[in-house]
Amino acid sequence: MADVVRVVAADDPVRALFSPAGELTAEGRSRLGLDAAALRELYRNMVLIRRADQEALNLQRQGELGLWGQFLGQEAIHVGAMTALRSEDWVFPSYREFGMAMIRGIDPADMLTLFRGLSHGPWDPRKYHFAPLAIPVATQVPHAVGFAMGCRLKHSDEVVLSTFGDGATSEGDWHEAMNFAGVFKAPVVFLCQNNYWAISVPLSKQTAGSIAERAQGYGFPGIRIDGNDVLGVYAAVRAAAARARQGEGPYLIEAVTYRMGAHTSSDDPARYRTDAELQAWNAKDPIARYQAWLVQQGIIEEGTVKAIADAAESAAQAMRSRLLALPTPPPGQAIFGRVYSNPPESFLREREEFESSLEGP
């Protein structure tokens, strides 16, 4: 008889915080160690990034951005995960983690230059420990694992957070990264934002079984949690990061949420999903439910809620003003200018060909 394989250790620090249904238990909630100010800050950050997200969509609809991918409904994951990490921990995001970057302190107006066609990504990743937004699906996951191995080889206790959507888990890059991380115990936390839709393909049509349970096949634990609970996300990422920091290797967190907006501004979700589904998830809105809990606990009052909403509105308008005031570089510079420090001749010829093809003003 073959030996029984036990992948999930009895002392798994994440699973003990959650019920079998993936909800943060009362005991787990009591162990968070967040005071009232910290709990209000979670709420404030969710409101700020949601308003910025809406303003970015407004800018796209007014022709000021070429494309926008909303993260409406996924704010709890953005804020909970980033709050759980240390500032020196690294993040390798996909293209929908704009809110996470805001929490790290990156100027949202600068970030929008990427979607305005003015830059390839204007921030210094080394300053913020936040890699560029990755547009091709799942390509950032092997990068995250490789970087995590580098952290370990230089005897750093930095941990890497790799974020992706449910659609990415069907990509070869994702499986290769998971396998490598499991074999070499890379200090990485895999955070899947399962928002149920890979563009227009529902989860049931592109994934058989649970995403979280796939981790066992790679030799490390995974868990499915409520991704609309900011405290639950905070608890899971913090515990998984601590485990990785102690040399115990990777962890996969499947945070279940819902993409309330379109895949991108080029998409029409009304063509493939129902109003009933949307309404069901709207009732689970991560900000509204957290606000209700804060009120119930006596941690926040109406005046503070209004002040936070006003601050979010001001910040969104400031983001818009800063973006529209930024100078527009020549097209050749925007596209080719930051690719090589010493560009080869073939690259220079390509740039010349591109610039000569442009129509005059």
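Which residue just after α5 takes a positive phi? That residue is G117, with a phi of about 80 degrees, and I would like to use α5 as the way into this structure, where helices (H or I, at least four residues) and strands (E, at least two) are DSSP runs numbered from the N terminus.

Before going on, I should say that this is a predicted model, in which local features need pLDDT of at least 70 and side-chain atom pairs count only at pLDDT 80 or more, while totals for chains, interfaces and linings use all residues. Residues are numbered from 1 along each chain as its sequence is written, and side-chain values use heavy atoms, with hydrogens and water left out.

At the start of α5, a side-chain oxygen of D107 comes to within 2.7 Å of the backbone nitrogen of A109. Within the helix, P108, A109, M111, L112, T113 and F115 are buried, where buried means under 20% relative accessible area, exposed over 50%, and partly exposed in between, with a 1.4 Å probe and protein chains only. The cover over these buried residues includes α2 (36–61), α4 (98–103) and α14 (302–325).

L112 also matters for the next topic, the nonpolar cores, each a set of buried Ala, Val, Leu, Ile, Met, Phe, Trp, Tyr and Cys residues joined through side-chain atoms within 4.5 Å. In the largest of them, which has 71 residues, L112, F130, I253 and Y290 touch the most other members. Setting aside neighbours within four places in sequence, L112 is in contact (heavy atoms within 4.5 Å) with A56, L59, L65, W68, F98, M319 and L323. A second, separate core has 27 residues, among them F92, A138, A177 and A181.

A138 brings me to the backbone, since this residue, which is not a glycine, has a positive phi near 75 degrees. A138 sits in the loop between α6 and α7, and is buried at a relative accessible area of 2%. H129 lies in the loop between α6 (125–128) and α7 (140–153), has a positive phi of about 55 degrees although it is not a glycine, and counts as buried at 15% relative accessibility.

Finally, by class, the lining of the largest pocket has 13 nonpolar, 11 polar and four charged residues; here Ala, Val, Leu, Ile, Met, Phe, Trp, Tyr, Cys and Pro count as nonpolar, Asp, Glu, Lys and Arg as charged, and the others, Gly among them, as polar. A pocket is an open set of points on a 1 Å grid over the protein atoms alone, where a 1.4 Å probe fits, with protein on both sides within 12 Å along at least five of seven lines, and lining residues have an atom within 4 Å of a point.

Notes
Polar contact = N/O pair within 3.5 Å; in protein donor to acceptor, adjacent residues only side chain to side chain.
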